[in-house]
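Got your viewer ready? Here's a short walk through the model, one selection at a time.

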Amino acid sequence: MKNNKITIISIAFFALLVLGSCAKKLDLFPQNDFTPEKAYSTASGYKSVLAKIYGSLSSTGNQGPAGAADITGGLDEGKQVAFIRGFFNAQELPTDEAVVAWNDETIKDFHDFKWTSADFYLKGWYARPIYNITLINEYLREATDAKLAERSITGAEASDIKKSVAEVRFLRAYNYWVMVDLFGKSTFITEADLIGTSLPKEISRANLFSYIESELKAIDADLAPVKTIEYGRVDQGAAWSLLARLYLNAGVYTGTPRYTDAVTYAKKVIGANYQLTHIPVNGYKGYEQLFMADNQKQKDEIIWAINCDGLRTQSFGNTTFLIHCAAGADFAEYGANGGWFGYRTTSSLVNLFADKTGNTDRRAMFTTSNFGTSNAQLALTDIGDFTTGPHVKKFVNKRTDNLAASDPDKNYADIDFPVFRLPEMYLIYAEAFLRGGTGADATTALDYMNKIRFRAYDDSYGPGNVGKVNSGDLTLQFVLDERGRELYWEGHRRTDLVRYGLFTTGAYLWPWKGGVASGTAVNNKYNIYAIPSVNRVANPNLTQNTDY
Amino acid sequence: MKISLKQLLKISLMLFFAALSATSFAQTSVSGTVTDSKDGTPVSGVTVSVKGTKTAVKTDAAGAYTVTAATNAPVLVFSSVGFTTQQVTAANGSASVKLVESNTQLQDVVVVAYGTKRKGDLTGAVTSVSAKDFQKGNIASSEQLLQGKVAGLQVTTGGGSAGGGSRIRIRSGASLSASNDPLIVIDGVPVEGNSIGGSGNDNLLATINPNDIESMSVLKDASATALYGSRASNGVIIITTKKGGKGKIKYNFNTQISSASIVKKVDVLTGDEIRSIVNADAAKSGVNTYKALLGNANTDWQSLIYRNAIGNDNNISASGAIGILPFRASLGYSNQNGVIKTDKFSRLSTAINLSPKFFDDHLSVNLNFKYSNVVRNKVDGGVVGAAASFDPTQANNAINKNKFGDNFEWITPGPNGIPIGTNGGSVQTNPLSLIDYKNDKAKTNRIITNLQLDYKLPFFPDLHAQINVGVDNTSLSGDFRADSVLVSEYFPSRRGKSSHYEQTKQNSLIDLSLFYTKEIKSLKTKVDALLLHSFQSFVTNEKSFADYATGKDTLLSRNALINPTNKIENAIESYVGRVNLTVNNKYLITASLRRDAGSKFAKENRVSYFPAVALGWKLKEEFFKNTNIISDLKLRLGWGITGNQDGIANYDYLARYSTSVNAGASYQFGNSFYGYLRPQAYNADVRWETTTTSNIGLDFGILNNRISGSIDAYQKKTNDLLLVAQVAPGANFNTEVLANVGNLTNNGIEFTLNTSPIKKKDFTWDLGFNMAYSSVEVTNTVNYEVANYQGIATSGVNDTKVGRLYVGKSPYVFSVSKQVYDASGNPIEGLYEDLNRDGVVDDKDVYFYKKPAADITLGVNTQVGYKKFTLGLAGHASIGNYLYNQYDATSARLRDIKNPLNFIGNVGRNYLASNFSNARYESDYFIQNASFFRLDNINLGYNFGAIMKNKANLRISGSIQNVFVITKYKGLDPENSSDQGLDNNIYPRPRIISIGANLDF
């Protein structure tokens, strides 16, 4: 019968469909993403991951200027988890070098010394270096000799990757240095810690110091010699600079000073073919050029900088922030298309300069068309009022060759952010010497100070040699003040004031320190930041810093 | 027996034809009348069929019929909608019957998961709303038909935008981070999500024409939903569209025109008030910067952006049968304007249903085809806010027409003025410019089609097999355009911006099922069983195009694709088994098990089982069989486990690397820039969230169901709650990943009552009422013990979090600082109570204060019919819910009037009371009682009855929607679709007046 046939066929068909499994159809993969195997199948894949590792100090995600954020969790990627902006805020806002007019969340708590472990900015500042380290660890797991061999990557490509292994270990050490300095103890992960398997451990400040030191020494042979690798990547000079900085602050980090080691490594850098930028270009003085849109040209002085580009490395938290935050209606002078009416400095920094106008010591960059350095202007009557207080025009998105910066809209800056510059090494040498480090001498220290001063005064010592330092002037206080003059807004101040014991105490007060107009001493706990409470919830292995 | 001439003629003719067609059989003619047992009135249209044959006739207007049969004493079957079917043996050529009105409530067939059930046999908490009970008025999006109709179902429109979406919650939802949206099943095809990407979410339910919907079933407890397994935790809504019928083709045409207007505006200051504030401030400080910026006007910007919006809706449908082919076809066109100028929604839709049967009815075919084309002209989301905050002292005079258009804008002084802003584009844009110079037009085409073949096996009649193949294909494309004169798009390199976006979604389904039905008479037991295999896949294709600049009147050519198509997909494979037992027509037992395997999980976690059991006990049959007072009484008990996988991205479990999205994310080495490759955070262990629901319910009917209703109590416990959880820095490639963390408990009671206090021939009155109480509590948010854990701060303004997930509290409970007030009752800025008395007011003094979720939701509707008039009212209420008045919190400062960027802005009237000079987001001052009652609808209808010589039936109606709201809330509208309870200037819901006509012919 016809019907029976149909029935039998349909039942058979049906049974087949019911029993035939579709399980394989459930293995799906995103079209435009890569599996880890595919990502690392070629040398160019390694290079793109390496770009991400370096780039995570400048970009905030996989989309410029914002979007596809690296770190989410309710944080604003440009404002709270950008490396440069976070590091700048952490190092400058609680000091005499910066105040902010904005009322964004808890941002005012930093100059007021009121931050708590619940602070969202702290969460971001903690998250960024650790995130960078997580990327690095992953790269190190994938860049072993065995894996390269397995993937048939050989020859020049393999040796470049090998060099990059030393570089990312340097970057890991640098990120850990940020942790040592800001938070003391830290989450501690290496390439041995796999993703999503167990809770990371905590490391003490002293142990982390030793780890950074040993890593930096271990990679020395694998890093490229000074100035021999392509621009943007680190070489031995960066590792030595970080060691010098680490040793200078060893007393703070471990309780045991290491000034002799600081001298040793500062000397290594100084001896390695670096020079201060002197020659004016199109009227831009030597010092100015270091913070301009084409400062990648200053390779002789800048030992390592984090690259930014107005079109290709865009972010609201790299040097784009540094030009906009300081600008108001005078934004054009910053090479920007608008001001954010936010950050100024205090009279304490400005007063380190005998001549605040910048006409003699060129580093005093506080005058714009709208704002000067009159006493009335210097008086910071209201932190919330952008028009009061001295302005800072140090980072400027213009090129020395007068060509246009890369972003035609002038939204995003090209300025590379200098992490290590030669003058810092001079200053470390001098300070370490004054603090008893051996292997240095007074004459050389004085000479180094005068090299800095000579450049600052346009290759002179100014009218009547006012800028020249004499041997009697070379004191620890002088070195600190000189650091202020030379390195302000480059992310050194908090570390310096802590090392000098001036950060929280009443020995040095600046306007609105601790939220009081004339300044006040604050609790010593503020010498290091609080471990963000949310991290301690997520990871019970983490302990809180004293008194938070 | 008296037979009229007409009847005689009829009989003769029939006999003649009967004789012609069946000459070989003996013929008997049977006639009689059919009346209503209640009042003896004749019943027309009753089908009288001769049992065992295909012969059937219908009664005429007098209830009379005559039918011919082949035997001497044929058994006649009298059936009619609304009456209990009767069988009579016609012994001597006549049979008159009195039909008993059926227990409509009991006989109603309800669509449930994978099948239908008689309402009286339901064992789960299911509420079905059919077309006649839908919310009336001008309704663009289908889900709004259910507003206030079902206990425990909340439908909250996102705002008044034409064709905009709603938040739908069944029993408050079961999740937090994962979606709380119920699963929507359209004619047997589960559809994914309710939005399609692009710029702003487009509401997919608006693509279904409400006029094509026959019924919507709301499945609330696990015993009803567990058949949908891993997607059922938030309940299920089954939408069934209208089908074809038998007999002559009937047409329906309905048309409606409506006018919408604004009910309430944001309460802001007037130009005079701003002037006096700025002048007073200038007098005090001696600085006249802002005073100089003041204008002389009193402009109400809000009134300039709104309009009376006219809309119309026209539908025509035909249903009936062509030969053996029952069909229904419809065509609808709806055109709705939004109350904000240029906001527009139009929908062209068609639906076709064919339901023929073949091989002696052994093969039933059911084909549904629905197509719709929705075009939305969307307005910029910032218009409402911009109108509230734009300077009322300025008249709308253009500053530089050529450069910045016809509206007043804040431009820096001087001949070469540029927009005032921090970063190029302006920070303040005239709301009218946002309307005039911004355009976002999105088109959505959607085809939902499914073919159901049901085959009854000829040699095994208890078994039938079914194949259901369905495709839901949606494509969205749109163009966004910001004109070159728009201040917010003013850049040296370009003026204006245009962009194009495209996305398609394809959802395909194949279900194969076997149904077995058997009545075992010896055991008085009916068994019905189902075995089903299903595979469904969801594919989304996204295309990204580069933005391109526009001239004032020219559209430059579209840029090439910047990304190849991004294809995102997920799939789910399932087996379902279900057994229903009905014993002695008293005991109902249902047991089911679904096995789901989903592609969103790692192989080890891919499979999960979702069981459910339910028992029903017909107490009426057991104890009250012989009383008429109790017409229905049934006890239901149900238990089941369901899952939730919505809200989990498709590949969250996979280790993978993503490339840079654009050229702005690369890093320079040497002279080259290298794009990024970034490892993504992933959680290999992510698995289904599971919800265990227990439900106890009682259905009752009294006095022949003049009073009927049900009461349900339930407990839902969600485990392995999907939360975007903070992970330890360094443990993953982000500080948060979606993880199964935490638990949630939801207890609730629901009550539904439907009564017909008056049921007379010319006067009827129906009254329906439903109420739901629900209490949701977070019971865990971490995987391990943490001392003094403060919960997860979730929602707020910028980073000031005012909502938390905290153990023991309702989700998103407000955690705020307790405001201190002065003697006259005004808040003292920045002064909060030191609740822990430790001498410092800090974050330890934050306390829990109120919550966004309602304790009780109510729905009420009533319908009065008097002769040819009907009057209906429907409303709903929400009690115990609070809102954070974000508008007041963010616009309450002097610096919003005197903007530091050197322009004047407006603020809410609340500023006069608060006088805050800084933002005080953390204050409990902004948390306000948002309980409300809204009268959704008043409608009045008049039924002309038969017109045009009985060829047609006409009904006209008029309605007012959003009649009034009673509330203490001070903001624009207490009804807010934000789960977090943050109210930030929604698109105001308009009041809509509409009139319509409905013609059946």
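**Stop one: the cysteines**

Select A:C325 and look for its nearest cysteine partner: the closest cysteine sulfur belongs to A:C308, and at 13 Å it is too far for a bond. Keep in mind as you click around that this is a predicted model. Coming from the other side, the sulfur of A:C308 has A:C325 as its closest cysteine sulfur, again 13 Å away and too far for a bond. Are these two cysteines buried or exposed? A:C325 counts as buried because its relative accessibility is 0%, and A:C308 counts as buried too, at 3%. With a cut-off of 2.5 Å between sulfur atoms, the disulfide count over all chains comes to 0.

**Stop two: charged pairs in chain A**

Side chains of opposite charge can pair when their charged atoms come close. There are 81 salt bridges over all chains, and three of them make good stops.

Begin with A:R128 and A:D70. Their closest N and O atoms are 3.1 Å apart, and the two form a salt bridge. This pair links distant parts of the chain: A:R128 is in helix α6 (residues 120-142) of chain A, while A:D70 lies in the loop between α3 (43-55) and α4 (83-92), 58 residues apart. Switch on a surface and you'll find both A:R128 and A:D70 buried.

Now select A:E142 and A:K147, a salt bridge with its closest N and O atoms 3.6 Å apart. How does burial compare across this one? A:E142 has 9% relative accessibility, so it counts as buried. A:K147, at 26%, counts as partly exposed.

Next, pick A:R455 and A:E486, where the salt bridge has its closest N and O atoms 3.4 Å apart. Here too the pair links distant parts of the chain, with A:R455 in helix α18 (residues 442-456) of chain A and A:E486 in helix α19 (residues 476-487) of chain A, 31 residues apart. Both ends are tucked away: A:R455 counts as buried at 3% relative accessibility, and A:E486 counts as buried at 0%.

Don't deselect that pair yet. A:R455 and A:E486 belong to a network of salt bridges, along with A:E301, A:D361, A:R363, A:K394, A:R421, A:R453, A:E482, A:R485 and A:E490. Show them as sticks to follow the network.

**Stop three: the nonpolar cores**

Which residues touch the most other members of the largest nonpolar core? They are A:F170, A:Y174 and A:W304, in a core of 189 residues. Helix α8 (residues 155-182) of chain A gives the most to this core, with 15 residues.

Center on A:F170 and bring up its neighbors. Leaving out residues up to four places away in sequence, A:F170 touches A:L216, A:I219, A:V234, A:A238, A:A239, A:L242, A:W304 and A:F420. Then hop to chain B, where B:L294, B:V339, B:A386 and B:Y911 are among the members of a second, separate core of 38 residues.

**Last stop: a patch on the surface**

Stay with chain B and select B:Y251, B:I316, B:L331, B:Y333, B:L348 and B:F1001. Together these residues make a nonpolar surface patch of about 520 Å². For a landmark, use B:Y251, which sits in strand β19 (residues 250-261) of chain B. B:Y251 counts as partly exposed because its relative accessibility is 34%.

Terms used. Residues are numbered from 1 along each chain as its sequence is written. Chains are lettered from A and ligands numbered from 1 in the order in which they are written. This is a predicted model: local features need pLDDT of at least 70, side-chain atom pairs count only at pLDDT 80 or more; totals for chains, interfaces and linings use all residues. Side-chain values use heavy atoms; hydrogens and water are left out. A salt bridge is a side-chain nitrogen of Lys or Arg within 4 Å of a carboxyl oxygen of Asp or Glu. Helices (H or I, at least four residues) and strands (E, at least two) are DSSP runs, numbered from the N terminus. Buried means under 20% relative accessible area, exposed over 50%, partly exposed in between (1.4 Å probe, protein chains only). A nonpolar core is a set of buried Ala, Val, Leu, Ile, Met, Phe, Trp, Tyr and Cys residues joined through side-chain atoms within 4.5 Å. Contact means heavy atoms within 4.5 Å. Patches are made of residues with over 30% relative accessible area and no salt bridge: like charges are joined within 9 Å, nonpolar side chains (Val, Leu, Ile, Met, Phe, Trp, Tyr) within 5 Å. Accessible areas come from the Shrake-Rupley method with a 1.4 Å probe; for residues, only the protein chains shown count as cover.
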